Structures are given as C-alpha cells and as structure tokens.
Amino acid sequence: MSILSGKNILMGITGGIAAYKTASLVRLFVKSGAHVKVVMTPAAKDFITPLTLSTLSKHPVYSSFTNEEDDNAVWNNHVDLGLWADLFVIAPATANTLSKMANGVCDNLLLATYLSAKCPVYFAPAMDLDMYKHESTLRSFKILNSYNNVMIPAASGELASGLVGEGRMAEPEEIVSFIEQNILDKLPLRNKKVLITAGPTYEAIDPVRFIGNHSSGKMGFEIAKAAANLGAKVVLISGPTHQNVSHSLIEVVPVISAQDMYGVVHERFETVDIAVLSAAVADFSPKEVASQKIKKKTDTLTLVLTKTKDILASLGEIKKQQYLVGFALETNNELENAKGKLKKKNLDLIVLNSLNDKGAGFKSDTNKVTFIDNKNQITEFKLKSKAEVATDLMNKIISEINA
C-alpha cells in the first residue's frame with residue numbers, strides 16, 4: 001500500500017502539451033489508493049478531454065465556476081474543492097499559470113481553488129527550454145517555493161518545439177514517486193524501526209488441537225498501519241489471524257506458538273527503536289504434545305501445562321534505547337494490575353483495556369483504553385475505533401520519544 005492510500009488528491013491540469021500525460025498520472029494516483037478529483041483550465045481541454053479524466057478518476061471534472069451545459073447552472077465551489085484536498089498537484093504547470101499563482105491572479109477555477117487550498121501544493125513545470133530559464137519563470141519558482149509550495153523538477157529531453165533541454169514535465173511515475181518520498185521525508189517516524197506483535201498464539205496439544213484465545217489481531221494490525229503511515233519501517237509479528245495488510249513499509253512475519261513469537265521478537269528487537277507488544281500470547285503451553293491425534297477414549301483428559309516465556313518481561317530486561325509498550329487486558333483491579341505490570345516488566349508505557357467495558361477487547365472493531373506511562377501519567381480515552389486508538393497510541397509514543 002502506498003503512503004498515498006486514502007488521501008484526497010486534487011489534480012490541477014493546465015494548457016500545455018504535457019497534459020496528455022495526466023491520464024496516466026490520474027490512473028497511478030487511483031491505483032495507489034488515493035481519491036482523485038480533477039480541475040482543468042479551459043485551455044487544458046484542448047489537449048485532453050474531461051471525459052477521459054472523469055472516467056479514470058471516477059469523479060466529475062471541473063473547469064469553470066458553473067456547469068456550462070446545464071440550464072440550471074450549479075456553482076462549482078472552489079472553496080469546497082480546496083478544503084477537500086489533502087494534496088493539490090498541478091501538472092503540467094505552464095509558465096502562464098505559475099506566474100498567476102505567484103502573483104495572486106485569479107481568473108479561472110483552478111487558480112481560485114489554488115488560493116483556497118489549505119493543503120500541500122505540488123507543481124510540475126512544463127514549458128520550452130527558453131521559457132523555463134527565463135528570469136520571470138525563475139522568479140515564479142522562487143516565489144512559489146517561498147509560499148511552501150513544492151516544485152517537482154522538470155526533466156531534460158526532447159521538447160515540443162524540437163529543442164532538447166530542460167523543461168520537460170517529469171514522467172507520471174516520477175511525479176508519484178517524488179510526492180511519496182517528499183511525504184515520507186516529513187513524517188515524524190521517518191527512519192524509525194517499529195516492532196509490533198499481534199494476534200493470538202496457538203499452543204499445540206496434538207496435530208489437530210491447540211490451546212488458543214479469541215484475539216483477532218485487529219488492534220495490532222491497526223497499530224502497524226498507523227506506524228507505517230507515519231513513516232516508520234514496521235515488522236509485524238503476528239500469530240494466526242484472518243487480518244491482512246498491504247503496505248510498502250510493513251513486513252509481516254507469521255508465527256504460530258508463543259515460543260515461535262519469542263524467537264522472532266528476540267531476533268529483531270536489537271535493531272528497532274520502538275516495540276509495541278499487543279499480541280495475546282498464551283501464558284501456558286502443554287508440557288507434552290502428542291504426535292498423533294488423541295482419541296476420545298475416556299470421559300476426561302488431563303493436560304499438564306507449563307508456563308511460556310514472558311516475551312514482554314524478557315525485552316524489559318535487555319532493552320537499551322528502545323521505547324517499550326505493553327498491553328494489559330484485565331477483568332478486575334484493572335488499574336493496579338496494569339501499574340504493577342508496567343513496573344515489573346520495565347515498560348515505558350502500558351495500554352490498559354478491560355473486558356468489563358462494552359465494545360472493548362477481542363474481535364471488536366472498537367476499544368476503550370487507558371495509557372499509563374512510566375512517569376505515572378494516566379490518560380483515559382472514550383470508546384473509539386481501533387484505528388483511532390492506534391493513532392492515539394502512536395501520537396503518545398511520538399510525544400514521549402521527542403520529549
């Protein structure tokens with residue numbers, strides 16, 4: 001999954017020959033998981049049709065303040081378009097449009113939307129060699145950069161005039177890659193490595209049966225996505241689960257038993273900056289595992305269980321620079337038990353949730369948690385989606401490691 005997944009991208013297309021490439025660019029944005037809307041200048045329609053872009057983006061294309069073909073004209077609200085966007089990408093950006101952007105000229109819908117936008121703005125210049133190097137164009141670049149707009153550098157190559165040189169719009173794949181990298185470079189967990197455990201463990205009784213629990217893994221997977229979306233490189237060590245994730249920054253390592261998870265966690269722990277252990281690891285495992293399926297010959301079956309290795313406590317003993325987070329699922333004396341676990345296992349933060357809270361715990365899409373840190377600061381949250389809980393958790397960790 002791209003860092004652009006789920007983002008609202010507003011594409012601004014101006015009247016240059018490179019506009020023909022925007023069909024591929026819109027398609028790449030959609031393929032990355034983004035929601036795309038297109039605003040065109042009237043001149044841009046001479047190079048690519050709104051119908052093509054509407055079909056690819058799955059949204060109407062806007063090019064004027066009202067729908068000209070509609071007898072009951074409806075205003076296309078440039079303010080709403082600007083506020084809808086998470087990113088505004090103007091490609092191609094002609095010398096004419098760049099000059100207007102730099103000087104606050106507002107004579108079409110695209111420029112009005114640009115002046116209304118509150119989001120990051122990227123522009124990909126496209127013009128002939130002499131135009132690209134002209135002092136007025138260079139001044140436009142400088143002014144737009146001073147407005148915190150981000151320029152996607154033009155490439156060198158054959159231009160529409162037949163000249164060869166700088167001024168060619170970057171290729172669609174290069175534009176997408178540039179924006180993804182620019183976003184990642186600004187994220188608070190860029191260059192951080194995060195280890196996350198998720199799901200249950202299954203402790204074998206025989207080749208068919210096991211001891212397990214009701215953990216779905218949803219919480220851990222949401223934490224992994226939240227960390228990756230903040231720029232972290234994530235290793236997600238998961239017990240058996242139906243959850244799945246596709247993200248370029250997440251490596252999923254499947255395990256089965258508590259011993260499996262213990263081994264993989266210890267292999268990876270030394271190189272990470274943050275570890276969040278949200279898995280519901282079995283506390284006990286059968287002392288002996290039958291090599292064949294146990295037959296139902298008697299009315300009772302006695303299993304001898306032995307304690308599994310405490311993964312969280314073992315990490316607390318060896319941690320150095322790592323920020324270590326544990327989870328506590330409690331049914332009674334919740335706060336005191338969580339505080340005890342925090343101290344005993346040498347954690348930096350513990351996330352408490354209770355099976356007594358409706359909508360919290362296993363299999364649910366929601367959770368109700370309390371954060372307790374090693375400075376005894378307690379923060380209680382209302383019932384939220386697990387995705388929101390994951391965001392709250394990552395924000396807490398970021399505030400702590402940057403303190």
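**Exercise 1. Locate Glu400 and Lys396 in the chain and describe how their side chains pair.**

*Solution.* Step 1: Helix α13 (residues 386–401) contains both Glu400 and Lys396, which stand four residues apart, about one turn of the helix. Helices (H or I, at least four residues) and strands (E, at least two) are DSSP runs counted from the N terminus. The model is a predicted one, in which local features need pLDDT of at least 70 and side-chain atom pairs count only at pLDDT 80 or more, while totals for chains, interfaces and linings use all residues. Residue numbers start from 1 along each chain as its sequence is written, and side-chain values rest on heavy atoms, with hydrogens and water left out.

Step 2: The closest N and O atoms of Glu400 and Lys396 are 3.3 Å apart, and the two residues form a salt bridge (a side-chain nitrogen of Lys or Arg within 4 Å of a carboxyl oxygen of Asp or Glu).

Step 3: Relative accessibility is 17% for Glu400, which counts as buried, and 13% for Lys396, which also counts as buried. The classes are buried (under 20% relative accessible area), exposed (over 50%) and partly exposed (in between), with a 1.4 Å probe and protein chains only.

Step 4: Asp373, Lys375, Lys396 and Glu400 are joined into one network by salt bridges that share partners.

**Exercise 2. Describe the salt bridges Lys225–Glu222 and Lys345–Asp310 by sequence position and exposure.**

*Solution.* Step 1: Lys225 and Glu222 are both in helix α9, three residues apart, and their salt bridge spans 3.4 Å, N to O. Lys225 is partly exposed at 25%, and Glu222 is partly exposed at 22%.

Step 2: The side chains of Lys345 and Asp310 meet at 2.8 Å, N to O. This pair links distant parts of the chain, with Lys345 in the loop between α12 and β18 (349–354) and Asp310 in the loop between β16 and α11, 35 residues apart. Lys345 is buried at 14%, whereas Asp310 is partly exposed at 34%.

Step 3: The structure holds 15 salt bridges.

**Exercise 3. Characterise the lining of the largest pocket and of the second largest pocket.**

*Solution.* Step 1: On a 1 Å grid over the protein atoms alone, a pocket is an open set of points where a 1.4 Å probe fits, with protein on both sides within 12 Å along at least five of seven lines; lining residues have an atom within 4 Å of a point. A volume is the space filled by probe spheres set on the points, which are joined across faces, edges and corners.

Step 2: The largest pocket has a volume of about 1,200 Å³. Its lining has 42 residues, with Ala279, Val281, Asp283, Phe327 and Lys341 nearest the centre. Two or more lining residues come from each of α9 (218–229), α11 (311–318), β17 (323–330) and α12 (334–344); α11 gives the largest share, five residues.

Step 3: By class, this lining has 15 nonpolar, 16 polar and 11 charged residues. Here Ala, Val, Leu, Ile, Met, Phe, Trp, Tyr, Cys and Pro count as nonpolar, Asp, Glu, Lys and Arg as charged, and the others, Gly among them, as polar.

Step 4: The second largest pocket holds about 340 Å³. It is lined by 18 residues, of which Ile17, Ala18, Met127, Leu159 and Ala160 are closest to its centre. This lining divides into 10 nonpolar, four polar and four charged residues.
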